[in-house]
Amino acid sequence: MMNKTKMVPFPSHAIVPERDVDKMPVLDARNLGMDFGGLVAVDDFSLLIGRTEIAGLIGPNGAGKTTVFNLLTNVYHPTRGAILLDGVSTEGKSTAQVNAMGIARTFQNIRLFSDMSVLDNVKVGLHNHIHERFLSAVTHAFGYTKAEKKANTRALELLDVFHMADHAFALAGSLPYGAQRRLEIVRALATEPKILLLDEPAAGMNPSETLELMNNIRKIRDEFQIAVLLIEHDMNLVMNICEGICVLNYGKIIAKGTAEQIKHNPVVIEAYLGNKGE
Amino acid sequence: MDFLSNLISGLSLGSIYALIALGYTMVYGIAKMLNFAHGDIIMVGAFAVIVCINTCGLPVWLAAVVSILCCIVLGVLIERIAYKPLRRSAPLTVLITAIGVSYLLQSVAQLVFGSEMHSFPKVISMPTIQIGELTIKGNALVTLVVSAVIMVVLTLFIGKTRMGKAMRAVSEDKDAAELMGINVNKTISVTFAIGSALAAVAGIFYGSTYGFIGPYTGSMPGIKAFVAAVFGGIGSIPGAMLGGLALGIIENLSKAYISTELSDAIVFGVLIIVLLFKPTGLLGKKIKEKV
């Protein structure tokens with residue numbers, strides 16, 4: 001299951017020094033820190049993610065996982081540290097610009113544009129990849145512009161990858177729960193990211209839906225050739241698909257490594273069991 | 001036949017309200033704020049036409065274009081200077097600011113143009129049409145047709161274009177839209193620009209319907225359009241159109257058949273009754289709890 005020739009998750013501060021160092025990680029977070037007033041939410045968070053790696057971010061509730069996602073997307077601007085995407089710093093960029101640079105995400109609680117159609121949701125994701133001139137958009141508003149046609153085709157293609165093209169014209173809010181989760185992923189993929197951040201993608205899913213999700217995440221990596229970083233409480237999912245795992249507790253990284261290493265790491269076990277288990 | 005002509009002038013008045021109400025509802029939908037300065041943009045648009053035609057001697061069409069451009073610049077500037085810094089503040093702060101901007105515009109207009117009423121130049125030269133016993137004022141007909149065209153184009157713009165989709169996305173979830181790469185600031189600016197352009201058009205029609213413009217002219221149609229937006233369901237674009245038209249018809253019919261003095265009271269009375277039974281307005285959506 002693990003592809004040994006793949007680029008490697010966490011070389012620089014790695015707990016697994018014998019593994020290859022990823023020469024050109026897609027994401028390089030360096031000593032990120034975030035304070036809210038006097039409270040240190042995240043501290044000294046360093047992480048390298050390979051170009052086509054599936055990585056997991058786990059930890060007890062309140063460990064700061066979602067804060068890390070918010071830092072990576074510049075929703076919060078880090079108090080300390082730097083984020084390099086493909087070697088370029090995201091400092092001072094707006095959230096929209098960070099997205100344009102190649103970071104897309106989904107949300108813990110689904111945040112689709114529920115009053116818009118499934119297709120339009122995906123087309124919002126394609127926003128920066130549709131180039132139409134204002135005037136042509138207005139004058140051609142009675143039909144579709146060329147750019148709009150292209151966007152339609154692309155959106156339908158993307159939906160088709162996840163077997164959702166049939167529901168293209170349904171309202172996003174009317175989809176069943178699992179399909180809404182899938183649509184959020186498709187919408188994020190439409191922004192053509194280099195790395196996709198998934199915030200608890202399996203939350204509320206039954207075992208068969210989770211299994212499908214696992215296949216979909218692998219499919220995203222294989223077909224789109226991008227990296228995936230996911231926050232998840234479902235250990236079965238994390239241990240099965242993540243090539244590198246990073247464990248967060250009280251805003252600090254307490255362990256990094258492969259699934260096997262994490263499973264047997266006493267510090268991790270203590271963090272989870274010490275909190276009466278997850 | 002009398003009823004039909006009254007209905008048509010009601011529709012024409014209603015389409016002016018609808019144009020203004022669209023600005024209220026779009027800005028509310030996207031920026032989640034009530035822009036009480038919106039009514040005064042109408043006044044600025046109308047004064048711009050007066051200056052263009054009476055002082056500069058421009059042709060009517062050019063005066064209209066200049067007026068629309070003035071209002072667009074003004075609307076976008078107001079948003080940038082007064083509202084944008086308050087985007088994360090409490091709604092009440094923004095509301096008070098908007099009222100402040102409204103008074104500012106009125107006072108500046110009073111300084112520049114004086115407090116007296118100015119007669120509005122004749123911009124619509126279409127003659128009154130007489131079909132049998134049916135009389136349609138040329139002004140009413142032009143207002144109605146132009147407004148209808150604008151509303152169709154706007155609906156298509158919002159429904160079909162990339163910017164329209166961005167606007168809908170931002171109005172549903174600003175943060176999620178931004179994470180999908182949408183420039184929220186630009187989208188909000190475009191919304192203010194469109195709203196202000198519509199207000200300018202409404203100002204021109206309002207001026208040519210009533211014939212006089214003063215520094216406070218904008219506030220009454222502004223408030224009525226706000227009522228129309230709430231009546232139709234604030235945030236809803238078809239709602240604003242429907243609310244505006246309904247308001248215009250109710251107002252005109254009560255003027256014709258009940259009482260001119262009571263017409264405003266009747267209009268606001270109908271609003272109260274509708275809101276009692278449908279608190280979200282005719283086409284409004286249920287307000288969702290944000291988690």
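The legends below describe close-up views of a predicted model with chains A and B.

**View 1. Overall scores of the predicted model.** The model scores ipTM 0.80 and pTM 0.85. For chain B the mean pLDDT is 91, and 98% of the residues of chain B reach 70 or more. Where pLDDT is low, the predicted coordinates should not be read in detail.

**View 2. The largest nonpolar core and the surroundings of B:Leu22.** The largest nonpolar core holds 85 residues. Within this core, B:Leu22, B:Met33, B:Tyr83 and B:Phe120 touch the most other members. Helix 1 of chain B, residues 2-31, gives the largest share of the core, with 13 residues. Once neighbours within four places in sequence are set aside, B:Leu22 has contacts with B:Met151, B:Leu154 and B:Leu198. B:Ile237, B:Ala240 and B:Met241 are also in contact with B:Leu22. Apart from this core lies another, of 49 residues. Its members include A:Ala188, A:Leu189, A:Val238 and A:Val268. In soluble globular proteins, nonpolar side chains tend to be buried together.

**View 3. B:Leu4 in helix 1 of chain B.** B:Leu4 has its place in helix 1 of chain B. Its relative accessibility is 35%, and B:Leu4 therefore counts as partly exposed. B:Leu4 and B:Ile136 are 132 residues apart along the chain. Their C-alpha atoms are separated by 9.1 Å.

**View 4. Strand 3 of chain A between two parallel partners.** Strand 3 of chain A, residues 54-58, is mostly covered, and 5 of its 5 residues are buried. A:Ile54, A:Gly56 and A:Ile58 point one way from the strand, while A:Ala55 and A:Leu57 point the other way. Residues on both sides of strand 3 are buried. Strand 3 runs parallel to strand 8 of chain A, residues 227-231, and 4 bridges join the two. In this pairing, A:Ala55 has A:Leu229 of strand 8 as its bridge partner. Strand 3 also runs parallel to strand 9 of chain A, residues 244-249, again with 4 bridges. Here A:Gly56 stands opposite A:Ile245 of strand 9.

**View 5. The hairpin of strands 9 and 10 in chain A.** Strand 9 of chain A pairs with strand 10 of chain A, residues 252-257, in the antiparallel sense over 5 bridges. A:Leu248 stands opposite A:Ile253 of strand 10. The two strands form a hairpin with 2 residues between them. A:Tyr250, in the turn, has a positive phi of about 50°. Strand 9 thus appears in two views: parallel to strand 3 of chain A, and antiparallel to strand 10 of chain A.

**View 6. Two residues of chain A with positive phi.** A:Asp44 is not a glycine, yet its phi is positive, at about 50°. A:Asp44 lies in strand 2 of chain A, residues 39-49. With 44% relative accessibility, A:Asp44 counts as partly exposed. A:Asn74, also not a glycine, has a positive phi of about 60°. A:Asn74 is found in the loop between helix 1 (65-72) and strand 4 (80-85) of chain A. At 3% relative accessibility, A:Asn74 counts as buried.

**View 7. Cysteines of chain B without disulfides.** The structure holds 0 disulfides over all chains. Why is B:Cys52 not bonded to B:Cys56? The closest cysteine sulfur to that of B:Cys52 is in B:Cys56, and the pair is not bonded because 5.5 Å is too far for a bond. The cut-off for a disulfide is 2.5 Å between sulfur atoms. B:Cys52 is buried, at 5% relative accessible area. B:Cys71 is in no disulfide either, and the nearest cysteine sulfur, in B:Cys70, is 6.7 Å away. The relative accessible area of B:Cys71 is 0%, and this residue is buried.

**View 8. The contact between chain B and chain A.** The contact takes 34 residues from chain A and 26 residues from chain B. The area buried between the chains is about 2700 Å². Carbon and sulfur atoms give 61% of this area. On the side of chain B, B:Arg162, B:Leu179 and B:Met180 supply 31% of the area that this chain buries against chain A. That is more than any other three residues supply.

Terms used
Residues numbered from 1 in each chain as written. Chains lettered and ligands numbered in written order. Predicted model: local features only at pLDDT ≥ 70, side-chain atom pairs only at ≥ 80, totals over all residues. Heavy atoms only, no water. Core = buried A, V, L, I, M, F, W, Y, C linked by side-chain atoms within 4.5 Å. Buried < 20%, exposed > 50% of the residue type's maximum accessible area, 1.4 Å probe, protein only. Contact = heavy atoms within 4.5 Å. Pairing = 2+ DSSP bridges. pLDDT = per-residue confidence, 0-100. Buried area = accessible area lost by both parts, 1.4 Å probe.
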